[in-house]
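Student: I have a structure open on my screen, and I would like to learn how to read it. Could we go through it together?

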Amino acid sequence: FIDKNYNNFKKIILKGKFKILNKGISYQEYILQKSFKQIKIDAVLAEYGTTGASLVNVCSRNKIPLVTIFHGADASVKDLIENYKESYSELFSYAGRIIAVSKLIAKRLKEIGCPEDKIIYTPCAPNDRFLEIKPTFREHKSFVAIGRFVQKKAPYYTILAIKKVAEKYPDVKLYYGGDGDLLNLCENLVRYYKLEKNVYLLGRIEPERFACILSDVSGFIQHSITAANGDMEGTPVSVLEASAAGVPIVATRHGGINDVIIENETGLLVDEHDVDGMAEQIIKLIEMPELSKKLGQNGKENVREKYSMKNHLATITTAVQASLRCPY
């Protein structure tokens with residue numbers, strides 16, 4: 001026990017000495033800097049604001065252009081933003097471009113100090129394989145949801161909406177893929193309301209299985225909310241995947257969902273926490289199959305035209321190229 005603590009103490013002292021001798025750069029940053037030089041990095045594209053913030057020191061010391069993508073929690077969780085306040089300020093000052101995956105994130109970035117002229121909006125894009133799906137709507141009263149079982153996804157609200165639908169259509173089905181901290185809660189909810197024949201909690205599923213399910217169902221459901229700590233969605237990729245597949249969306253007016261789903265044209269939207277409203281929209285798709293098909297087809301065309309992987313990558317490429325021209 002004493003030896004273990006002594007060794008840990010020795011490591012802390014050695015790291016401290018290293019930082020002093022190398023003018024404030026940590027050992028991890030030194031290794032990263034060495035790697036960048038060895039492989040002659042031209043620019044860095046950092047996924048998540050926190051990653052970008054951790055790379056500012058290395059990039060600025062070596063005059064390497066930096067572009068950072070903010071995805072959601074990194075621009076919305078209150079404590080995280082407060083903890084990274086100084087690091088974000090340095091990031092916004094140094095980075096050539098800052099990418100936001102939703103218009104709301106772009107707004108939040110401006111509010112916390114990012115210069116507006118550095119912000120570029122582009123939602124994450126679905127894999128092109130989803131555009132190739134030709135929905136059959138074979139399972140007339142079946143729906144799908146997918147995502148982590150966490151607070152901002154509010155999976156329990158989706159299940160409660162299906163419970164309401166089951167009161168009118170006892171054979172309605174929901175295939176729900178994903179896992180997370182709230183999975184056990186949702187399993188208990190299904191058991192308590194005796195929804196075992198209506199709600200199928202599939203655990204984590206591969207994209208291939210998700211694509212297969214999308215081929216047969218009549219809609220995709222997403223009841224996202226703002227979590228107590230401020231955590232919000234960026235633009236859920238699963239929403240774009242389902243829309244690309246030609247499946248209508250039933251979701252909340254939340255985060256970047258509003259950006260990519262055209263209300264009453266490619267999907268049906270309700271307010272956060274409105275379980276009854278979500279149930280009504282699901283019932284509408286069951287009772288109006290032609291509406292389902294029309295919304296789905298409009299969604300596929302919308303994704304192909306505006307939110308394809310090609311467009312997404314072209315926007316990121318433009319951002320990186322712009323950062324290369326920035327004076328560092």
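**Strands, cores and one serine**

Tutor: Gladly! Start with two strands: β5 and β6 pair in the parallel sense, over 5 bridges. Keep in mind that this is a predicted model.

Student: Which residue of β6 stands opposite A145?

Tutor: That is Y176. Following the chain is a good next step: from β5 it passes through α7 to reach β6, and this β-α-β crossover is right-handed.

Student: How many bridges join β6 to strand β7?

Tutor: There are 4, and these two strands run parallel. Strand β7 covers residues 199-203. For a single pair to look up, take Y175, whose bridge partner in β7 is Y200. Here the chain crosses from β6 through α8 to β7, again as a β-α-β crossover that is right-handed.

Student: How many of the residues of β6 are buried?

Tutor: The count is 4 of its 5 residues, so β6 is mostly covered, taking buried to mean under 20% relative accessible area.

Student: Next, the nonpolar cores. Which residues have the most contacts inside the largest one?

Tutor: They are F143, Y156, L174 and I282, in a core of 35 residues. Among the elements that give two or more residues to this core are β5 (142-146), α7 (155-166), β6 (173-177) and α8 (183-192). β10 (267-270) and α12 (275-287) do so too. Apart from this core lies another, of 32 residues, including F36, A46, A95 and C124.

Student: What does F143 touch?

Tutor: Leaving out residues up to four places away in sequence, its list includes V172, K173, L174 and Y175. F143 also touches V217, S218, G219 and I221, as well as I282, L285 and I286.

Student: Let me try a single residue, S76. Where does S76 lie?

Tutor: Look in the loop between β2 (66-70) and α4 (78-83).

Student: Is S76 buried or exposed?

Tutor: To decide, compare its relative accessible area with the cut-off. S76 has 7%, and buried means under 20%, so S76 is buried.

Student: Which backbone atoms does the side chain of S76 reach?

Tutor: One is the backbone oxygen of G72, at 2.8 Å. Another is the backbone nitrogen of M232, at 3.1 Å.

Student: And which residues is S76 in contact with, leaving aside its neighbours within four places in sequence?

Tutor: They are I81, R108, N229, G230, D231 and M232. You can find M232 in both lists, as a contact of S76 and as the residue whose backbone nitrogen its side chain reaches.

Note on methods: Residues are numbered from 1 along each chain as its sequence is written. This is a predicted model: local features need pLDDT of at least 70, side-chain atom pairs count only at pLDDT 80 or more; totals for chains, interfaces and linings use all residues. Side-chain values use heavy atoms; hydrogens and water are left out. Buried means under 20% relative accessible area, exposed over 50%, partly exposed in between (1.4 Å probe, protein chains only). A polar contact is a pair of N or O atoms within 3.5 Å; within protein, one must be able to donate a hydrogen and the other to accept it, and residues adjacent in sequence count only if both atoms are side-chain atoms. Contact means heavy atoms within 4.5 Å. A nonpolar core is a set of buried Ala, Val, Leu, Ile, Met, Phe, Trp, Tyr and Cys residues joined through side-chain atoms within 4.5 Å. Two strands pair if DSSP finds at least two bridges between them. A crossover is right-handed if, with the strands pointing away from the viewer, the path from the first strand over the helix to the second runs clockwise.
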